2 protein chains.
Amino acid sequence: MTAAKRADARRNQATLLDAAAAVFVESGVDAPVREIATRAGVGMGTIYRHFPTRADLVVAVYRHQVDACTEAGRSLLAGPTDPYAALGQWIDLFVDFLVTKHGLADLMRSDNAGFETLHTYFLDRLVPVCTDLLAAAAAAGAIRADVAAYELLRGVGNLCIGAGQDPGYDARRLVALLIAGLRHNPVA
Amino acid sequence: MTAAKRADARRNQATLLDAAAAVFVESGVDAPVREIATRAGVGMGTIYRHFPTRADLVVAVYRHQVDACTEAGRSLLAGPTDPYAALGQWIDLFVDFLVTKHGLADLMRSDNAGFETLHTYFLDRLVPVCTDLLAAAAAAGAIRADVAAYELLRGVGNLCIGAGQDPGYDARRLVALLIAGLRHNPVA
DNA sequence: TGCTAAACGGAACAGCGCTCCGTATCTTTA
DNA sequence: TAAAGATACGGAGCGCTGTTCCGTTTAGCA
């Protein structure tokens, strides 16, 4: 189809993805662009031609994992698991994903123009699944029904910011509290 | 006491504080240092002499409000309010404070060296009050007792990041959920 | 009115994202 | 196989940051 690209270009794109993935692990997703370029053995121009914005690069690197998370959600929904437990398990997966990628959560909340690509990709995949999970749990009477998936995901994403850099801060615990807060309870 | 400073120095310090406060409102707490210096009509050197790090400047600007928040917590504790409600009201105050200062929450979670001043000041004041509020609510049997004030404040701070820039995201709502999650509930 | 220490100002340096265009390489075609 | 045209590459360079450093100015005192 769109395979009309030159061979070296395709090769460089793959090299860049590998290099970026490696650098992201080592130095976080906010590593200098130059570092990635050097690591891949290419020039600055090349990286920007393949990935016009950093968000494009990040999306390309993590696309698979986001898709996997989405599918896991669908499985959970289809499976026999209690809807509230399913929601909890899925959120755990999401948190694990964010927490293990140094600095990804920070990027997610970035309001800088140019990160819309990232928002779009992540949210387009995850919001629908999350919406269904929430609906199922609400239908089962386990949680309140007035919380939007978008808002919840943003909240969870925010709670994951800085996780792992501060021994006194456990994002998973706090996310668990947030999810617990979804339950119907005596508060108005 | 330490009033051994020259008159012009004291004047400049005040001018800088005013300028910084104004710029923070207009452009957020992450406004370029040059902007603040220009606004105050001083050079770069002056600003760095008075406030070696940005955190020092931020602390100086918001010191009063943090103190006010602390005192409000003490009042709430001493007053007749139900402990759980008191906790909720105090958290609301804190959230209001963070949300109205464009970008303050972002700074709070910054792990950059040099922001310890900010962490130290904010947390040194707020953690003790929050600890007491939590303890009171726990003693009244309203909430679980295994959540540290530090962690809760970090969580709330994180939830406030980016608030007000996204119409679909309401930090107050999510914080309320988090607090609701503190209640004893059927979940393990 | 000097004199000195304190304070000032802004040029200068370093690190970053991003662009731009001369050069090199691939691919196609004769 | 060789030449032409299209495509991709590389990295110097620009603009914007934070931060330092030191020659110059000025307040306060004798």
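This is a guided tour of a predicted model, starting at the DNA and moving out into the protein chains.

**Stop 1: DNA strand C**

Begin by selecting DNA strand C and showing the protein residues around it. There are 25 of them, and the closest are A:Arg34, B:Arg6, B:Asn12, B:Gly45 and B:Arg49. Which part of the strand faces the protein? Of the strand C atoms within 4 Å of the protein, 54% belong to sugar or phosphate, and the rest belong to bases.

Now zoom in on some individual contacts in chain B. Select B:Arg49 and look for a polar side-chain atom 2.6 Å from a phosphate oxygen of DNA strand C. Then pick B:His50, where an N or O atom of the side chain is 3.3 Å from a phosphate oxygen of the strand. For a contact to a base, go to B:Arg34: a polar atom of its side chain lies 3.1 Å from a base nitrogen of DNA strand C. Colouring by helix helps here. The elements giving two or more residues to this surface are H1 (7–27), H2 (33–40) and H3 (44–50) of chain A, along with H1 (7–27) and H3 (44–50) of chain B. The largest share, five residues, comes from H3(B). If you colour by residue class instead, you will find nine nonpolar, seven polar and nine charged residues near strand C.

**Stop 2: DNA strand D**

Next, select DNA strand D. Here 24 residues surround the strand, and the closest are A:Arg6, A:Asn12, A:Gly45, A:Arg49 and B:Met44. Sugar and phosphate make up 56% of the strand D atoms that come within 4 Å of the protein.

Three contacts are good to click through. At A:Met44, choose the backbone: one of its polar atoms is 3.1 Å from a base nitrogen of DNA strand D. At B:Arg6, choose the side chain, where a polar atom lies 3.3 Å from a base oxygen of the strand. At B:Arg54, an N or O atom of the side chain is 2.8 Å from a phosphate oxygen of DNA strand D. The elements that supply two or more residues to this surface are H1 and H3 of chain A, plus H1, H2 (33–40) and H3 of chain B. Which helix gives the most to the surface near DNA strand D? H3(A) does, with five residues. By class, the residues near strand D divide into nine nonpolar, seven polar and eight charged.

**Stop 3: helix H7 of chain A**

Leave the DNA and select residues 116–139 of chain A, which form helix H7. At 1.5 Å a residue, its 24 residues should span 34 Å, and the end C-alpha atoms are 32 Å apart, which agrees. Look along the helix for a kink of about 35 degrees, centred on A:Leu123. A:Leu123 is also one of the buried residues of H7(A); among the others are A:His119, A:Tyr121, A:Phe122, A:Cys130 and A:Ala137. To see what covers the buried residues, show H4 (54–78), H5, H6 (104–109) and H8 (149–159) of chain A, which are included in that cover. Just after the helix, stop at A:Gly141, where phi is positive, near 80 degrees.

**Stop 4: Ser110 in both chains**

Select A:Ser110, in the loop between H6 and H7 of chain A. Is this residue buried or exposed? A:Ser110 counts as buried because its relative accessible area is 7%, under the 20% cut-off. Setting aside residues up to four places away in sequence, A:Ser110 touches A:Phe115 and A:His119. Now jump to B:Ser110, in the loop between H6 (104–109) and H7 (116–139) of chain B. B:Ser110 is buried at 8%, and beyond its neighbours within four places in sequence, B:Ser110 is in contact with B:Phe115 and B:His119.

**Stop 5: two residues of helix H5**

Finish with H5 in each chain. In chain A, select A:Asp96, found in H5 (residues 83–100). A:Asp96 counts as partly exposed because its relative accessibility is 33%. Its C-alpha atom is 11 Å from that of A:Val156, 60 residues apart along the chain.

In chain B, select B:Val95, found in H5 (residues 83–100). B:Val95 counts as buried, with 1% relative accessibility. Leaving out neighbours within four places in sequence, its contacts are B:Val156, B:Cys160, B:Arg172 and B:Val175. For a last distance, draw a line from B:Val95 to B:Ala176: they are 81 residues apart in sequence and 10 Å apart in space, C-alpha to C-alpha.

Methods
Residues are numbered from 1 along each chain as its sequence is written. Chains are lettered from A and ligands numbered from 1 in the order in which they are written. This is a predicted model: local features need pLDDT of at least 70, side-chain atom pairs count only at pLDDT 80 or more; totals for chains, interfaces and linings use all residues. Side-chain values use heavy atoms; hydrogens and water are left out. A residue is near a molecule or strand if one of its heavy atoms lies within 4 Å of it. A polar contact is a pair of N or O atoms within 3.5 Å; within protein, one must be able to donate a hydrogen and the other to accept it, and residues adjacent in sequence count only if both atoms are side-chain atoms. Helices (H or I, at least four residues) and strands (E, at least two) are DSSP runs, numbered from the N terminus. Ala, Val, Leu, Ile, Met, Phe, Trp, Tyr, Cys and Pro count as nonpolar, Asp, Glu, Lys and Arg as charged, and the others, Gly among them, as polar. Buried means under 20% relative accessible area, exposed over 50%, partly exposed in between (1.4 Å probe, protein chains only). The expected span of a helix is 1.5 Å times one less than its number of residues. The bend at a residue is the angle between axes fitted to the seven residues ending there and the seven starting there. Contact means heavy atoms within 4.5 Å.
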